[in-house]
Amino acid sequence: MLSRFFEIFFTGSIAGYSYLFVGFIVFAIVVSAVKRKKLKNSEHDFLAMHPDAAHVFLPFKLGLTSEEMKVIDVDGNKPDFFVQKNKKGILLTPGDHMLTVNFITSSSGILIRKVISSTDVKKIEVSINKKKQYTLDFDRVAERFTFEELQAHYSS
């Protein structure tokens with residue numbers, strides 16, 4: 001039965017679209033792998049130049065309701081991002097930093113169209129200790145950004 005599906009999929013009237021679809025999927029996988037590799041190399045280079053840097057994890061959730069923390073800039077410069085497994089974040093050197101951030105949520109309904117809401121862009125001052133891990137989040141009830149230290153990632 002499965003062989004019949006593939007026969008129709010790749011030789012039937014939709015064969016041209018089938019190859020295009022498969023090609024698009026392969027292209028998306030390759031682009032994703034290259035992008036992840038580039039982020040990993042960027043993180044490695046940043047940590048080589050700044051061995052005392054801290055990791056700041058950002059919330060990210062996909063699904064019917066999506067949430068994402070956007071870090072627009074750090075001290076007026078482009079942030080240095082990293083990816084660890086399914087978590088993403090920014091790298092910061094020890095000291096005080098001014099982050100420009102906003103939080104975006106979107107929800108898709110079956111009967112209604114997609115609804116996107118966003119906080120105003122805010123500037124948050126944070127103090128970073130060397131080789132620590134932090135999380136930057138948004139408290140929806142209090143409608144404020146939170147910045148907390150997590151347990152140490154590196155051994156001293």
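These legends go with close-up views of a predicted model.

**View 1. The largest nonpolar core draws on several strands.** This core has 18 residues, and the ones touching the most other members are Met-69, Ile-90, Leu-92, Leu-99, Val-101 and Leu-136. At least two core residues come from each of β1 (54-58), β3 (65-74), β5 (87-92), β6 (95-107), β8 (122-128) and β9 (133-139). Another core, of 5 residues, lies apart from it, with Phe-46, Phe-57, Phe-82 and Leu-91 among its members. As a general backdrop, nonpolar side chains in soluble globular proteins tend to be buried together.

**View 2. Met-69 and its neighbours.** Leaving aside residues up to four places away in sequence, Met-69 touches Leu-58, Pro-59, Val-101, Asn-102, Phe-103, Leu-136, Asp-137, Phe-138 and Phe-145. Three of these turn up again in a ring cluster: ring pairs link Phe-103, Phe-138 and Phe-145.

**View 3. Tyr-134 and Phe-147, a stacked pair.** The model has 4 aromatic pairs. In this one, the rings of Tyr-134 and Phe-147 sit 4.9 Å apart, centre to centre, with 15 degrees between their planes. The pair bridges distant parts of the chain, 13 residues apart: Tyr-134 belongs to strand β9 and Phe-147 to strand β10 (residues 144-149). Tyr-134 counts as buried because its relative accessible area, 4%, falls under the 20% cut-off. Phe-147, at 24% relative accessibility, is partly exposed.

**View 4. A lysine over a ring.** Here Lys-87 lies over the face of Phe-57, 5.8 Å from the ring centre. Phe-57 is also one of the residues in the core of 5.

How values were computed. Residues are numbered from 1 along each chain as its sequence is written. This is a predicted model: local features need pLDDT of at least 70, side-chain atom pairs count only at pLDDT 80 or more; totals for chains, interfaces and linings use all residues. Side-chain values use heavy atoms; hydrogens and water are left out. A nonpolar core is a set of buried Ala, Val, Leu, Ile, Met, Phe, Trp, Tyr and Cys residues joined through side-chain atoms within 4.5 Å. Buried means under 20% relative accessible area, exposed over 50%, partly exposed in between (1.4 Å probe, protein chains only). Helices (H or I, at least four residues) and strands (E, at least two) are DSSP runs, numbered from the N terminus. Contact means heavy atoms within 4.5 Å. Rings of Phe, Tyr and Trp (its six-membered ring) pair if their centres lie within 6.5 Å; planes under 30 degrees apart count as stacked, over 60 as edge-to-face and the rest as tilted. A charge sits over a ring if NZ of Lys or CZ of Arg is within 6 Å of the ring centre and within 35 degrees of the ring normal.
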